[in-house]
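User: I should like to study the protein model shown below and then look closely at a single part of it.

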Amino acid sequence: MARIGIFPASGALGTSTLTHLLSDFPNDRVTLVNRFPEKIPRAYLDNGVTTRQASYESSPEELQTAFSGIETLFLISYPSHVHQYRAKVQIKAIEAAHRAGVKHIFYSSLGFASIEKDTTKAEVMGAHLDSEAYLKEVARKDPSFSWTSIREGLYSESFPIYTAFFDLKAPVSEIFIPHDGSGPGISWVKRDELGEATARLIASYARDPSSFEYTDRIVTLTGPKAWSLSETVQVLARVTGTQVRIQHVTVEEYSKLPKVLEKFGSEQLATTWATAWEAIRDGETEAANGTLRDILGRDPENFEKTIENLARH
């Protein structure tokens, strides 16, 4: 049975994936690679999990050492929407994994670009498309190498970044974004269900690569239906008991909002992020498929239920 590596084994998606994987896969076949391996729970180590230290800022040689002996690697994308830098560090990690002898990479992509399309209007998707293209190129040159790109749908829990950082605990009556709220919408999906499905895909491949149906393919995991941004805001209003509406503003006006500047740190970064609404408007996040349901063996959680649960905690 192949040794599985997760890098970086941290963050919300990584933690969800490794938690589900370790509940259903031999722990002594799993290596967790992250910046602070000492933070890995002791219970995992006692069950046989191994840890290694590395981050996206590590040198190519350090990454290659960290990936040595791993046959199947889950490469979780770098947490930034800045296209060029993100692509640079991700491709460096892919190169290091290939040199280390990794035979299959699962890559955590994002649910823009429509289902299996390779163009986008969203800055945040650019590095994902570059990384997918690089994986395809490595596989073309080396027939012993393969890949699977998991386009994780837009997290239900990430709604604040698409609603000018609306806070369920301190709701406001107006949401200022460069979008009028009309469709096409977003097929919101619960993050932990993405982690669970991702873990199942990885384990399935590791147990029997020959029968795995997503080798050298993109698989897109979405929620069960698309919600326009207006419908999304209506859910926020119902859950918080507040009257809330969208105020359509220009990108320039959006990038100057105090809360937006606080979160992004500069008008430039806020402006590049705003390309996400162009992509939503173009229908890139609208499609909903049944793949997540098929993998989980149940219906995915409804967006409104997820928001209700978030508001209670």
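What percentage of the 313 residues in the protein chain is buried? Please then give a close account of strand β6, where Glu 152 is placed and Trp 147 is found, and set this strand within the rest of the chain.

Analyst: Buried residues make up 53% of the 313 residues in the protein chain; here buried means under 20% relative accessible area, exposed means over 50%, and partly exposed lies in between, with a 1.4 Å probe and protein chains only. This is a predicted model, in which local features need pLDDT of at least 70, side-chain atom pairs count only at pLDDT 80 or more, and totals for chains, interfaces and linings use all residues. Residues are numbered from 1 along each chain as its sequence is written, and side-chain values use heavy atoms, with hydrogens and water left out.

The whole chain comes before the strand. The protein chain has 14 helices and 9 strands; these are DSSP runs numbered from the N terminus, with helices being H or I of at least four residues and strands being E of at least two. The radius of gyration is 20 Å, close to the 20 Å that the globule rule gives for 313 residues, so the protein chain is as compact as a globular protein of that length. This radius is taken over C-alpha atoms, and the globule rule is 2.2 Å times the number of residues to the power 0.38. Along its principal axes, the C-alpha trace spans about 55 × 35 × 35 Å.

In the UniProt record, an unreviewed entry, the feature "domain: NmrA-like" is placed at residues 3-259; UniProt positions follow the numbering used here, feature names are shortened, and annotations may be inferred rather than shown by experiment. The span of residues 3-259 is 40% helix and 18% strand, and its end C-alpha atoms lie 44 Å apart.

Contacts also link parts that are separated in sequence. Of the contacts in the protein chain between residues at least 6 apart in sequence, 76% join residues at least 24 apart; contact means heavy atoms within 4.5 Å.

Strand β6 itself covers residues 146-152, and Glu 152 belongs to it. Trp 147 is found in strand β6 as well. Trp 147 counts as buried because its relative accessible area is 5%. Glu 152 is also buried, with a relative accessible area of 1%.

The partners of Trp 147 can now be considered, not counting residues up to four places away in sequence. Trp 147 touches His 104, Ile 105, Leu 135, Lys 136, Ala 139, Tyr 214, Thr 215, Asp 216, Arg 217 and Ile 218. Strand β5 covers residues 104-110 and helix α5 covers residues 123-141. One of these partners, Arg 217, is 70 residues away along the chain, and its C-alpha atom is separated from that of Trp 147 by 7.1 Å.

For Glu 152, again not counting residues up to four places away in sequence, the residues touched are Leu 13, Phe 74, Ser 108, Ser 109, Leu 110, Gly 111, Leu 194, Thr 198 and Leu 221. Helix α1 spans residues 11-22, and helix α7 spans residues 191-207. The C-alpha atoms of Glu 152 and Val 219 are separated by 8.6 Å, although the two residues are 67 residues apart along the chain.

The loops of the chain hold some further backbone features. A cis peptide bond joins Phe 7 and Pro 8, with omega about -15°, and Pro 8 is found in the loop between β1 (4-7) and α1. Another peptide bond, from Gly 183 to Pro 184, is cis with omega near 0°; Pro 184 has its place in the loop between β7 (174-177) and α7.

Ser 114 lies in the loop between β5 and α5. Its phi is near 60°, a positive value in a residue other than glycine, and Ser 114 counts as partly exposed because its relative accessibility is 22%. Ala 164 lies in the loop between α6 (159-162) and β7. Phi of Ala 164 is near 55°, again a positive value in a residue other than glycine, and Ala 164 is buried with a relative accessible area of 15%.

Helix α4, covering residues 83-100, includes His 83. His 83 counts as buried at 18% relative accessibility. Leaving aside neighbours within four places in sequence, His 83 is in contact with Glu 123, Gly 126, Ala 127 and Asp 130. Lys 92 is found in helix α4 too; not counting residues up to four places away in sequence, Lys 92 touches Tyr 56, Glu 57, Ser 58, Pro 60 and Leu 63.
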